[in-house]
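Please study the sequence and the structure shown here before attempting the exercises.

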Amino acid sequence: MGFTTYYGDFTGVSGSLTLDPKKPAESTVAVSIPVASISTTNAKLDSELVTSDWFDAAKFPVITFKSTTVTPTGHGTATIAGDLTIHGVTRPVVLQAKFNAGGTNPLDHAYTVGFDATTVVKRADFGVAKYVPLVGNQVAITISAAFEQK
C-alpha cells in the first residue's frame with residue numbers, strides 16, 4: 001500500500017551455472033524456485049501468498065529463470081537476459097549481475113563462485129494482480145546465489 005517496502009525470501013532454490021571466466025558471454029544460468037517455500041515476516045501472509053489468489057503454488061509450484069544471453073558490462077558485472085516464468089506466464093527480463101567472489105570454500109573445499117543479480121518486474125504481467133493498484137505492482141527481485149563446481 002506504499003507505507004513500507006515488504007520483503008520475502010524463498011528457500012530450497014536450485015540452479016545451474018556454466019561459466020568460463022575467459023568467455024563470460026558464453027555463460028548460461030538456470031534457477032528454479034519452489035513457490036511454497038515463500039517466507040516473509042508474517043505467517044498469515046505466507047499462507048495467503050501460496051493460494052490461487054496470488055502465486056497459486058498448487059498449480060504453479062515453481063518459478064524459473066533461464067538465461068538467453070550474458071553480456072559483460074565491466075569488471076565483474078554483466079547483464080543477463082532470459083526468460084522468467086511466474087504463475088505459468090513467461091516473460092523476458094534482464095538481470096543486472098555482479099560477481100561477488102570465487103575461491104575454495106574452506107568448509108566443504110568446493111570451488112565456489114557467488115553472484116548477485118537484480119531486476120524489477122510488474123507482477124500483473126505474470127498474472128499475479130491481486131489488489132493492484134492498492135498493493136504495488138512493481139516488484140524488485142534479487143537473486144543471491146553461490147554455485148559450486150562439480
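The exercises below treat the fold and then a single residue.

This is a predicted model, in which local features need pLDDT of at least 70, side-chain atom pairs count only at pLDDT 80 or more, and totals for chains, interfaces and linings use all residues. Residues are numbered from 1 along each chain as its sequence is written, and side-chain values use heavy atoms, with hydrogens and water left out.

**Exercise 1.** State which pattern of helices and strands the chain follows along the sequence.

Solution. Helices (H or I, at least four residues) and strands (E, at least two) are DSSP runs, numbered from the N terminus. The chain contains one helix and seven strands. Read along the sequence, their pattern is β-β-α-β-β-β-β-β. The radius of gyration, taken over C-alpha atoms, is 16 Å. The globule rule (2.2 Å times the number of residues to the power 0.38) gives 15 Å for 150 residues, so the chain is as compact as a globular protein of that length.

**Exercise 2.** Determine whether Asp46 is buried or exposed, and which residues Asp46 touches.

Solution. Asp46 lies in helix 1, residues 43-49. Buried means under 20% relative accessible area, exposed over 50%, and partly exposed in between (1.4 Å probe, protein chains only). Asp46 has 15% relative accessibility and therefore counts as buried. In the chain, 28% of the 150 residues count as buried. Leaving aside residues up to four places away in sequence, Asp46 touches Ile38, Ser39 and Thr40, where contact means heavy atoms within 4.5 Å. The C-alpha atoms of Asp46 and Ala117, 71 residues apart along the chain, are 24 Å apart.
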